[in-house]
Amino acid sequence: MRQTVNFSAGPATLPEEVLQQAASEMLDWNGSGQSVMEMSHRGKEYMSIHAQAEADLRELMGIPSNYKVLFLQGGATTQFAMVPLNLLRGKDQADYINTGEWSKKAIKEAKLFAKVNVAASSEDRNFTYAPRQADWKLNKDAAYVHYCINETIGGVEFHWTPDTGDVPLVGDISSTFLSGPVDVSKYGLIYGGAQKNIGPAGLTIVIVRDDLIGQARAGTPQMLDYKPQADNDSMLNTPPCYSIYIAGLVFKWLKARGGLAGIHQHNLAKARILYDFLDSSSFFHNPVAREDRSIMNVPFTLKDEALDDAFLKGAQARKMIQLKGHRSVGGMRASIYNAMTIEGVQRLVDYMREFEKQQA
Ligand SMILES: *Cc1c(COP(=O)(O)O)cnc(C)c1O
């Protein structure tokens, strides 16, 4: 058992069982005499890993058969461009919801290709809530509606799925990927980088309804076009084989833990421990509207920011790492992804309680 509890926002903690298995298979995968890193991506060994990973992800998320699953590279950031390049489909405008740092980046990139209508924004309250759908000003001529399902930096999560009618809904799910059940059929496209909640950096997963692809903007390079990627089973070029292999082990780990419904209960229990403590404390503070709090990323501040360094030092001494908040918001942030244990969260809360008492 590892002693250190890692609260990193990403790349982030992975299940110990998965790392153990990867270690045991490092030199020789399944009697093949080679590590997964050394295999031809066209060979039968790797092809079986790749196909199994996709099948398990489809089963976990209940992905309908008219959706493609793509294992790509370039991170969620590349999707900020690929989404407009592929989904504008001859239109010139798209709707975006602005709920924080990642929304802003997606909007900035989309503006290279489209007229962006910010249909709703939570900037008026410093990005501490998710705007109700009744307040969205959707444009019926939009090619799609984009929102960030969970703002990793601000710790704001949509706990409901927007209804955009016939206009395809696009969700950046990077930091809540596989944290709980999702109704894929309500989306035109879902994307996320793997390094928050699924596996190592280097893998980006895109789930896209098949009628939305094949109409990329003229001049789109093939690597940025979903259609040739889908037609080639994400093997238009060498895929991020090792990252896909680890993701596949994580999918198996999730299936053994009751799938997404099972892990969701676990995640809710962890988040409750931390938020209940924050709400009971007059020393620590989380700024997010209660009903929109993220179950994965929990930012919090101390009463006096001059104590931040002492808090982090004490955490480090108790083997709790990567609690420093994002530079744009300051304070602390505890990311409590799927692989974080209840004991890990409890250790943090015990330390916070002790620290608060010391300061009183
Ligand atoms: C981390 C993150 C990104 C950027 O991901 P990269 O894989 O580094 O490009 C985008 N959106 C959200 C919500 C994120 O958490």
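A residue is termed buried when its relative accessible area is under 20%, exposed when that area is over 50%, and partly exposed in between. The structure described here is a predicted model. Under this criterion, Phe 300 is buried, because its relative accessibility is 1%.

Phe 300 takes part in one of the 18 aromatic pairs that a search of the whole structure finds. Its partner is Phe 311, and the two rings are arranged edge-to-face, with 6.1 Å between their centres and 90° between their planes. This contact links distant parts of the chain, since Phe 300 belongs to strand E12 (residues 297-302) and Phe 311 to helix H8 (residues 308-317), 11 residues apart. Phe 311 is likewise classed as buried, because its relative accessible area is 0%. A further edge-to-face pair is formed by Tyr 351 and Phe 355, with a centre-to-centre distance of 6.0 Å and an angle of 65° between the planes. These two residues lie in helix H9 (residues 342-359) and are 4 residues apart, so about one helical turn separates them. Tyr 351 is buried, with a relative accessible area of 4%, and Phe 355 also counts as buried, at 4% relative accessibility. Both pairs belong to a cluster in which ring pairs link Phe 277, Phe 283, Phe 284, Phe 300, Phe 311, Tyr 351 and Phe 355.

Helix H9 also carries charged residues that take part in salt bridges. Within this helix, the side chains of Asp 350 and Arg 353 meet in a salt bridge with an N to O distance of 3.8 Å. Asp 350 and Arg 353 are 3 residues apart, about one turn of the helix. Asp 350 is partly exposed because its relative accessible area is 39%, and Arg 353 is partly exposed at 38%. Glu 354 forms a salt bridge with Arg 318, in which the closest N and O atoms are 2.7 Å apart. This pair links distant parts of the chain: Glu 354 is in helix H9, whereas Arg 318 is in the loop between H8 and E13, 36 residues apart. With relative accessibility of 34%, Glu 354 counts as partly exposed, and Arg 318 is partly exposed with a relative accessible area of 33%.

The count of salt bridges comes to 15. Among them is the bridge between Glu 45 and Lys 44, whose closest N and O atoms are 3.6 Å apart. Glu 45 is partly exposed at 21% relative accessibility, while Lys 44 is exposed at 66%. Elsewhere, Asp 56, Glu 59, Lys 252 and Lys 255 are linked in a network of salt bridges.

Positively charged side chains also meet aromatic rings. The charged end of Lys 105 is positioned over the ring of Trp 102, at 4.7 Å from the ring centre. Arg 125 lies over the face of Tyr 129, and its distance from the ring centre is 3.9 Å.

Several backbone features are found in loops. Gly 10 and Pro 11 are joined by a cis peptide bond with an omega of about -10°. Pro 11 is placed in the loop between strand E1 (5-6) and H1. Arg 89, a residue other than glycine, has a positive phi near 45°. Arg 89 occupies the loop between helix H3 (75-87) and strand E3 (93-98), and it is partly exposed because its relative accessibility is 26%. Lys 319 has a positive phi of about 60°, although it is not a glycine. The loop between H8 and strand E13 (320-321) contains Lys 319, which is partly exposed with a relative accessible area of 41%.

At the surface, Met 26, Leu 27 and Met 37 make a nonpolar patch of about 340 Å². Met 37 is located in the loop between helix H1 (16-24) and helix H2 (44-61). Because its relative accessibility is 53%, Met 37 counts as exposed.

A disulfide is a covalent bond between the sulfur atoms of two cysteines. The structure holds 0 disulfides. Cys 148 counts as buried at 2% relative accessibility, and Cys 241 is buried with a relative accessible area of 11%.

Methods: Residues are numbered from 1 along each chain as its sequence is written. This is a predicted model: local features need pLDDT of at least 70, side-chain atom pairs count only at pLDDT 80 or more; totals for chains, interfaces and linings use all residues. Side-chain values use heavy atoms; hydrogens and water are left out. Patches are made of residues with over 30% relative accessible area and no salt bridge: like charges are joined within 9 Å, nonpolar side chains (Val, Leu, Ile, Met, Phe, Trp, Tyr) within 5 Å. Accessible areas come from the Shrake-Rupley method with a 1.4 Å probe; for residues, only the protein chains shown count as cover. A salt bridge is a side-chain nitrogen of Lys or Arg within 4 Å of a carboxyl oxygen of Asp or Glu. Buried means under 20% relative accessible area, exposed over 50%, partly exposed in between (1.4 Å probe, protein chains only). A disulfide is a pair of cysteine sulfur atoms within 2.5 Å. Rings of Phe, Tyr and Trp (its six-membered ring) pair if their centres lie within 6.5 Å; planes under 30 degrees apart count as stacked, over 60 as edge-to-face and the rest as tilted. A charge sits over a ring if NZ of Lys or CZ of Arg is within 6 Å of the ring centre and within 35 degrees of the ring normal.
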